[in-house]
Amino acid sequence: MTNSDAMQRADALAEAYSGQREAPAFPSKAAIDALAGFQQPLPAAPSDPAEMIALMDRLGSPATVRNNSPHYFGFVIGAGLPAAMAAERLALAWNQCASDWVNSPAAAAIEAQAGRYVLEALDLPREAAVGFGTSATACGLALLAAARRHLLERAGWDFDADGLVGAPEIRVVVSETVHITVIKALRLLGFGVRRLVRAAVDDQGRIDPAQLPPLDDHTILCLQAGEVNAGAFDPFVPLIAAARAAGAWVHVDGAFGLWARATSALKPLTEGVEGADSWTTDGHKMLNTPYDGAMGICRVRDHVARAMDASAVYAPAGAEAQKNLTLEFSRRARGIAVWAALHTLGRAGLDALISSRVALAQRFAAGLRDLGVEVLNEVAFNQVLCRLGDDAATLALPAAIQADGRIWFGGTVWQGRPAFRISVASWATEAADVDRAVAIIGEVLRSKRHA
Ligand SMILES: Cc1ncc(COP(=O)(O)O)c(C=O)c1O
């Protein structure tokens with residue numbers, strides 16, 4: 001067999017895999033046990049790539065989590081829009097090192113256009129820089145580094161030359177419900193978890209402006225568009241006004257919630273967020289582009305470009321180069337899938353994609369309430385946060401659903417007590433899939449009551 005046979009076989013198997021709409025959301029124990037078939041010593045000799053693909057499909061495909069299916073409601077995990085997946089396949093064939101224009105004029109042009117589409121779709125300042133990084137975690141790390149560098153520069157400190165020893169302290173204020181990956185980024189940057197100042201939140205997980213800790217021009221304020229459990233949005237108007245008055249930098253983690261701005265009905269949830277200095281968001285959640293693709297957006301291009309600068313004597317590049325807007329130097333052109341999604345959806349398709357996920361989450365919540373499940377959040381976006389009468393029952397339900405395998409969602413802890421959460425993010429989920437999921441939950445609840 002030739003390499004082209006392997007490609008053709010991979011394409012055919014990928015096509016067949018993608019068509020399996022009704023497969024269980026989580027693999028069976030037998031499929032997981034069969035993964036042991038991958039364990040073997042490094043082969044002594046070359047082998048046929050097409051056979052390798054066949055092996056990968058035979059053992060791997062049945063043991064995948066079907067987050068591309070309509071029946072997956074775990075974490076906040078998107079699926080892959082066919083248009084974005086198709087663009088990804090062609091981009092894979094191009095295999096560009098998309099660090100800057102000289103390495104790939106095509107990638108540089110398409111990612112620049114993707115950035116313009118993103119700013120238009122999210123209605124953020126059109127002059128902002130958009131870096132396409134691996135994840136909201138990585139993009140957040142780049143932007144928080146830019147924020148600190150800028151605040152220190154404004155205070156007369158040369159961070160690039162002198163580092164942090166003896167530097168004025170930069171304080172960071174985060175929400176009590178801040179996402180763990182923002183903490184991770186801050187920890188890696190040396191802020192020290194114990195030194196972070198926590199802002200108190202209300203019952204939905206939104207920062208309470210009345211209890212906002214003092215801010216000054218040495219402060220980074222981290223806000224959230226889409227809290228990971230309840231999907232709630234911080235009240236940006238008063239919080240950003242307070243930050244502006246104090247001269248603080250505002251960073252917004254909008255990993256999934258920032259896409260509310262792409263709909264006319266939900267945009268008010270994010271009112272005022274455009275006044276921030278930096279934003280992170282993912283493609284691989286609500287936009288349904290393939291993993292791993294995220295965006296780090298910075299109001300003043302130079303602030304991120306100078307922090308991320310990776311121009312070398314053998315590879316000079318300006319502030320528009322992706323390698324100077326992200327952590328990566330060599331990188332794949334992950335912005336192409338974002339371009340493909342936005343190009344094919346258009347404004348109307350994007351609005352419909354996001355607003356219909358929210359309508360489905362609300363349908364899910366109504367169905368669960370009819371089953372006697374307590375819905376803890378306002379379901380303003382795509383997350384449904386729930387609890388049963390007692391903690392033991394709350395813990396047992398996701399475990400039973402996961403054992404059943406037909407649909408999948410997970411547990412969490414909310415305000416100190418167990419809860420479970422359902423996330424509607426996949427483009428493929430329709431009303432009938434939500435009704436089926438509610439019926440499965442009802443079935444599992446009834447069987448537990450009988451037991
Ligand atoms: C609110 C929020 N912030 C940040 C992240 C981190 O995103 P990523 O997994 O792309 O790093 C997530 C994702 O899971 C999230 O839900």
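At 36% relative accessibility, Asp435 counts as partly exposed, a convenient place to enter this predicted model. Asp435 forms a salt bridge with Arg363, and the closest N and O atoms of the two are 2.8 Å apart. This pair links distant parts of the chain, since Asp435 belongs to helix α13 (residues 431-450) and Arg363 to helix α11, with their positions 72 residues apart in sequence. Arg363 is likewise partly exposed, its relative accessibility being 39%.

Helix α13 takes part in another such link, through Glu443. Here the partner is Arg406, and the closest N and O atoms of this salt bridge are 2.8 Å apart. Arg406 sits in the loop between α12 (391-404) and β10 (410-414), while Glu443 is in helix α13, so that distant parts of the chain, 37 residues apart, are linked. The relative accessible area of Arg406 is 28%, which makes this residue partly exposed; Glu443, at 39%, counts as partly exposed too.

Helix α11 also reaches a partner much earlier in the chain. Arg347 forms a salt bridge with Glu120, with 3.1 Å between the closest N and O atoms. Because Glu120 lies in helix α5 (residues 105-121) and Arg347 in helix α11 (residues 335-370), the pair ties together parts that are 227 residues apart in sequence. The two ends of this bridge fall into separate accessibility classes: Glu120 is partly exposed at 39%, whereas Arg347 is exposed at 54%, a value over the 50% cut-off.

These pairs can be set against the structure as a whole, in which a search finds 24 salt bridges. Salt bridges also link Glu88, Asp292, Arg332 and Arg334 in a network. Asp292, a member of that network, has a backbone feature worth a look as well: a cis peptide bond joins Tyr291 and Asp292, with omega at about -10°. Asp292 is located in the loop between β6 (278-282) and β7 (294-298).

Attention now turns to the ligand. It is surrounded by 13 residues, of which Ala136, Thr137, Asp253, Asp282 and His284 are the closest. By class, this shell holds four nonpolar, six polar and three charged residues. Several contacts to ligand oxygen atoms can be described at the atomic level. For Thr137, an N or O atom of the side chain is 2.4 Å from an oxygen atom of the ligand. Ala136 contributes through its backbone, an N or O atom of which lies 2.9 Å from a ligand oxygen. A polar side-chain atom of His284 is found 2.9 Å from an oxygen atom of the ligand. On its own the ligand has 390 Å² of accessible area, and the protein covers 85% of that.

On the surface, Phe38, Met52 and Met56 form a nonpolar patch with about 300 Å² of accessible area together. Phe38 is placed in the loop between α2 (29-33) and α3 (49-60). With a relative accessible area of 39%, Phe38 is partly exposed, and therefore passes the requirement of over 30% for patch residues.

Ser426 offers a contrasting environment. This residue lies in the loop between β11 (417-423) and α13, and at 0% relative accessibility Ser426 counts as buried. A polar atom of the Ser426 side chain lies 3.3 Å from the backbone oxygen of Ser69.

Some further loop positions complete the picture. Asn95, in the loop between α4 (82-94) and α5, has a phi near 45°, a positive value in a residue other than glycine. Asn95 counts as exposed, at 63% relative accessibility. Asp123, which is in the loop between α5 and β1 (129-133), also has a positive phi without being glycine, here near 50°; its relative accessibility of 29% places Asp123 among partly exposed residues. Gly156 is in the loop between α6 (136-154) and α7 (159-162) and is exposed, with a relative accessible area of 66%. Gly156 and Ala167 are eleven residues apart along the chain, and their C-alpha atoms are separated by 9.7 Å.

Terms used. Residues numbered from 1 in each chain as written. Predicted model: local features only at pLDDT ≥ 70, side-chain atom pairs only at ≥ 80, totals over all residues. Heavy atoms only, no water. Near = heavy atom within 4 Å. Polar contact = N/O pair within 3.5 Å; in protein donor to acceptor, adjacent residues only side chain to side chain. Areas by Shrake-Rupley, 256 points an atom, 1.4 Å probe, with all protein chains shown as cover. Nonpolar A, V, L, I, M, F, W, Y, C, P; charged D, E, K, R; others polar. Patch = residues over 30% accessible without salt bridge, like charges linked within 9 Å, V, L, I, M, F, W, Y side chains within 5 Å. Salt bridge = Lys/Arg side-chain N within 4 Å of Asp/Glu carboxyl O. Helix = DSSP H or I, 4+ residues; strand = E, 2+ residues; numbered from the N terminus. Buried < 20%, exposed > 50% of the residue type's maximum accessible area, 1.4 Å probe, protein only.
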